[in-house]
Amino acid sequence: MKLKREFADFYKEIRIDSETHALKEKREILEDDIKSKLPGILVDHNISISKTDIRMIDQGSYKYNTTIKDDIVDRDVAVMIPLDTSTNSDPRIIKGYLRDAINISPRTVAIKEPCVRASYYENGKEWLHIDLPLYATDGSCVYLARGKEFSNSYSWEDADPDGLNDYLCGQINGNDQLRRIICFIKKWRNEQYSGSTNDHEVPPSIGLTLLACDCFSAQSTIEGDDDLLSLQKTMKGILDKFTYTADSSGNLIKTITKYLPVTPYTDVFKKMKESSSYITTFYNRLSKAVDNLTNAVNVESAHDAGEYVQKVLGDSFTVPA
């Protein structure tokens with residue numbers, strides 16, 4: 001089995017197994033600020049909630065234990081409050097109250113379309129941001145506050161953050177090879193899109209995670225898990241999910257769709273597909289990765305296989321002598 005040790009070492013190198021002390025401290029202080037300050041701000045605007053009404057839940061890669069090292073640490077923590085959304089029909093205003101509760105130095109706080117973001121800088125460079133999607137529980141329904149601060153497009157969107165957590169934890173927990181494959185695919189994305197600055201240009205992490213769960217191909221021999229073959233087959237499975245569609249000019253282009261498995265069942269690639277060039281680039285880069293991994297599987301030499309894998313996962317993947 002080729003590159004067993006190299007993949008094991010690489011996984012140890014790229015993975016974040018648990019929160020660093022600095023991140024844990026920042027998150028706990030942030031949560032404390034929200035719970036101690038937000039109720040007072042809401043009461044000033046005739047919305048009555050207590051500290052114990054605020055529920056905060058982990059979302060994203062820290063919840064699923066698929067976090068990898070990156071230049072900027074990205075953390076998702078949902079903020080859930082009881083709220084009458086018919087009386088408080090403008091989610092931008094409520095997000096503004098959340099922003100006011102945490103807009104304290106040294107944080108830089110901004111209202112993004114799906115969340116409120118608290119960013120942290122060191123020597124003028126961002127090293128961490130904590131995204132706080134704001135949810136309203138209204139009776140038996142849960143709604144996500146969508147909309148930028150001054151955007152004309154805003155809504156309370158049906159949501160099920162607990163259901164999504166349950167779905168993905170059910171897929172990933174107890175499946176160590178799948179967890180590793182998700183981390184490798186995210187590392188591939190980071191390598192391919194390291195210079196990207198445009199919104200929605202990069203395939204979203206949730207999209208890649210859901211596709212990896214759908215297309216996962218478990219591979220092992222008597223020597224143990226074969227992560228090279230599993231990664232090749234899983235990424236080939238994702239590539240095969242692309243279909244042809246006509247763009248606005250009638251040209252046939254490759255596209256991909258993946259709906260959330262829970263409410264609101266939206267296509268996680270919808271924003272990315274607003275530019276056909278983003279989707280075409282995604283397809284071409286994924287296709288190239290699959291070609292390199294296929295070559296790695298097929299060559300005899302572990303050294304040559306390692307060189308092909310390095311083209312996919314980056315220079316930190318060790319090529320055997």
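The points below comment on selected local features of this structure, which is a predicted model.

1. Aromatic pairs. Nine aromatic pairs are present in the structure. One of them is formed by Phe-7 and Phe-184, whose rings meet edge-to-face with a centre-to-centre distance of 5.3 Å and an angle of 65° between the planes. This pair connects distant parts of the chain, since Phe-7 belongs to helix α1 (residues 4-14) and Phe-184 to helix α6 (residues 176-192), with the two positions 177 residues apart.

2. Burial of that pair. Phe-7 counts as buried because its relative accessibility is 1%, and Phe-184 is likewise buried because its relative accessible area is 0%; the cut-off that applies to both is a value under 20%. Phe-7 and Phe-184 also take part in a cluster, linked by ring pairs, that includes Phe-10, Tyr-11 and Phe-317.

3. Positive patch. On the surface, a patch of positive charge is made up of Lys-112, Lys-148, Lys-270 and Lys-271. Lys-271 sits in the loop that runs between β12 (252-255) and α9 (276-298), and its relative accessibility of 38% is the reason why Lys-271 is classed as partly exposed, a class that lies between the 20% limit for buried and the 50% limit for exposed residues. As a reference for its position, the C-alpha atom of Lys-271 is separated by 36 Å from that of Val-43, a residue 228 positions away along the chain.

4. Cis peptide bonds. Most peptide bonds are trans, and a reviewer may therefore wish to look at the exceptions. The bond from Ser-105 to Pro-106 is cis, with omega near 10°, and Pro-106 lies in the loop between α4 (91-102) and β3 (108-111). A cis bond also joins Thr-263 and Pro-264, where omega is about 10°; Pro-264 is found in the loop between β12 and α9, and Lys-271 of the positive patch has its place in the loop between β12 and α9 as well.

5. Positive phi angles. Most residues other than glycine have a negative phi. His-200, although not a glycine, has a positive phi of about 65°; His-200 is located in the loop between α6 and α7 (205-215), and His-200 counts as partly exposed because its relative accessibility is 39%. Tyr-265, again not a glycine, shows a positive phi of about 60°, and Tyr-265 is found in the loop between β12 and α9.

Methods
Residues are numbered from 1 along each chain as its sequence is written. This is a predicted model: local features need pLDDT of at least 70, side-chain atom pairs count only at pLDDT 80 or more; totals for chains, interfaces and linings use all residues. Side-chain values use heavy atoms; hydrogens and water are left out. Patches are made of residues with over 30% relative accessible area and no salt bridge: like charges are joined within 9 Å, nonpolar side chains (Val, Leu, Ile, Met, Phe, Trp, Tyr) within 5 Å. Accessible areas come from the Shrake-Rupley method with a 1.4 Å probe; for residues, only the protein chains shown count as cover. A salt bridge is a side-chain nitrogen of Lys or Arg within 4 Å of a carboxyl oxygen of Asp or Glu. Lys and Arg count as positive and Asp and Glu as negative; His and the chain ends are not counted. The place of a charge is taken as NZ of Lys, CZ of Arg, CG of Asp or CD of Glu. Helices (H or I, at least four residues) and strands (E, at least two) are DSSP runs, numbered from the N terminus. Buried means under 20% relative accessible area, exposed over 50%, partly exposed in between (1.4 Å probe, protein chains only). Rings of Phe, Tyr and Trp (its six-membered ring) pair if their centres lie within 6.5 Å; planes under 30 degrees apart count as stacked, over 60 as edge-to-face and the rest as tilted.
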